[in-house]
Amino acid sequence: MVKLTFYGGVGEIGGNKILLEDDKGKLFLDFGYPYSKYRVFYEEYLKPRPGAGLLDMLVMGLLPQLEGIYRTDLETENLWQQFRRAEHYRKLEDIDGILLTHAHLDHSGHISFLREDIPVYATATTAFIAKAVQDSGISSFDQQVCYFTPRVEECLKGWRQGAYVASSSGDRQRRFCVADKLELSEEAEDFWEKATRQKKLVSQPLGDISKCSFHLRCFPVDHSIPGACSWGIETSSGWVIYSGDLRLHGRHGKLTELMIKQAAQLHPKALILEGTNVDKAANVFEQEVYENAFKAINDARGLVIADFPPRDVNRLLTFLQVARDTKRKLTILPRDAYLLKTMRLLDREIPDLTEEDALVIYQKTTAARSPASWLRKTYQEYSSKIVLAKDVSSNQGDFILCFSFWDLNELPSIQPRAGSLYVFSSSEPHNEEQEMDFRRLHSWLERFQLRAFGLPVERNGEWEIPEEEKGLHASGHACGPDLLRVAREIQPEVLIPVHSEKPEFYVDNLSDSGINVILPAEDGTVEI
Ligand SMILES: [Zn+2]
């Protein structure tokens, strides 16, 4: 008998935390950051207190109440006493590992809190992206996936109580075990083991997946971030397939097709399948994004700003092609350059920044006296590639600037010419906070008289892209009909939907398939 307990990803998009237990051992399938649960209580300026260790996370229901799996440096004295009578409290030891499907934080973020000796199984690309994102990002205490800053309890003189403060002993890297590519170049090893953000990193070499007590299969799939995979786990009840996030209509859709074939051959007992876009009837393909973006940008005069999701390297490559074909320069931010360089350590097909004429790097106006070392190194290494606001300003027709809403405060330095183009190649707002940001984005465009293309507009409380401007964003997730195809072709005995606001879609649409659809409950256990 295999037990699957769903601590996250039930009725919500993201935050997947699924515990698989068998007499062979225990695994977590992803350990994601639950954005929607945070939003119930918190916002930008009201956050869980890092100084309180695990307390806020456990009391507010952001982390499951499982004693024994979390970092001991975050455990306050007698922390667990108050939870021992709680309904879903458990003492849980001997976790064999986390099967991480990809480096989006809603799947990986809460790995931050787990004990460092619990291995994280992933593809090499996912491990490298996790590090690159953390090196070049804000790395708040609940998003330290690849390495973390241990905390020590300290009490300031005159204060009555202590708090958990960042220790100065150096960051500690987690143990990542990768399913592919263990022959790393020296440069790749250097990247993995060396500190780029902090003074000192206690690193751990990459391991492989052979030591896991379960027999695992890692199936690469296509998603809006490179390195995504589905996992197969051989259990005493048969194979369990966990899809992670996937699509069939992206640049690497063939990978997902291959996963479907190989998973079907295992005649799995269960398939845990995502359902983000169950209510979408069709997809926009990445090739259409290229064609539509090319048309819009080729006719444009003045500056072009392209807004697409960060870390979506495939979208970046789509816009790079548009830049080449419209004789403009794709102007990326240093963190994108750092990610591209990291990706190239594992995949030589990724363009080399130094050799690619159509790529340059935008240097923002900054007031930092001592910028982080990754940033300093990026500017040094690519010094001939740096452009400033004044360069863009004086030759506006030469550039496609890769900015999102969060970078628009650079516009006063650039002074885009009236009628310049803002191409929106990302998803529509999903919650009230994002709606507010979209209203602000529209105000910025009005202020600088920029022309929007592909940007959702609010009409009677609904956000919609104008009909003639559709087709500029290929989602990272398969549409409803494609998801049903995945289910029918893999043909598991049991299908368990996760990562969906409408999981009943599968009940409604698979009744004639011979597949038993089971809807999990939050914190509930399904036995198979
Ligand atoms: Zn994802």
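Visitor: In this predicted model, is Glu433 buried, partly exposed or exposed?
Guide: The relative accessibility of Glu433 in this predicted model is 42%. Buried means under 20% and exposed means over 50%, and because 42% falls under neither heading, Glu433 counts as partly exposed.

Visitor: Where in the secondary structure is Glu433 placed, and which residues form the negative surface patch?
Guide: Glu433 lies in helix H13, which covers residues 432-447. The negative surface patch is formed by Glu43, Glu44, Glu432 and Glu433.

Visitor: How many of the residues of strand E3 are buried?
Guide: Strand E3 spans residues 25-31 and is mostly covered. Of its 7 residues, the number that are buried is 6.

Visitor: Which residue stands opposite Leu19 in E3, and in which sense do E2 and E3 run?
Guide: Strand E2 (residues 17-22) is joined to E3 by a hairpin through 2 residues. Within this pair, Leu19 has Phe28 of E3 standing opposite. The two strands are linked by 6 bridges, and the sense in which they run is antiparallel.

Visitor: What is the bridge partner of Leu29 in E6?
Guide: Strand E6 (residues 97-99) and E3 are joined by 3 bridges and run parallel. In E6, the bridge partner of Leu29 is Leu99.

Visitor: What is the bridge partner of Thr5 in E2?
Guide: Strand E1, made of residues 3-8, pairs with E2 in the antiparallel sense over 5 bridges. Thr5 has as its bridge partner in E2 the residue Leu19.

Visitor: Which strands are the edge strands of the open sheet of 8 strands?
Guide: This open sheet has mixed pairing and follows the order E14-E12-E7-E6-E3-E2-E1-E30. An edge strand here pairs on one side only, and the strands for which this holds are E14 (207-208) and E30 (525-527).

Visitor: In what order do the 6 strands of the other open sheet come, and which are its edge strands?
Guide: The pairing in this sheet is mixed, and the order of its strands is E15-E16-E17-E18-E28-E29. Each edge strand pairs on one side only, and these are E15 (215-220) and E29 (516-517).

Visitor: Which residue of E28 stands opposite Ile272?
Guide: Strand E18 (residues 270-274) and strand E28 (residues 494-498) run parallel and are joined by 5 bridges. Strands of a sheet pair through backbone hydrogen bonds, either parallel or antiparallel. Opposite Ile272, the residue that stands in E28 is Ile496.

Note on methods:
Residues numbered from 1 in each chain as written. Predicted model: local features only at pLDDT ≥ 70, side-chain atom pairs only at ≥ 80, totals over all residues. Heavy atoms only, no water. Patch = residues over 30% accessible without salt bridge, like charges linked within 9 Å, V, L, I, M, F, W, Y side chains within 5 Å. Areas by Shrake-Rupley, 256 points an atom, 1.4 Å probe, with all protein chains shown as cover. Salt bridge = Lys/Arg side-chain N within 4 Å of Asp/Glu carboxyl O. Lys, Arg positive; Asp, Glu negative; His and termini not counted. Charge placed at Lys NZ, Arg CZ, Asp CG, Glu CD. Helix = DSSP H or I, 4+ residues; strand = E, 2+ residues; numbered from the N terminus. Buried < 20%, exposed > 50% of the residue type's maximum accessible area, 1.4 Å probe, protein only. Pairing = 2+ DSSP bridges.
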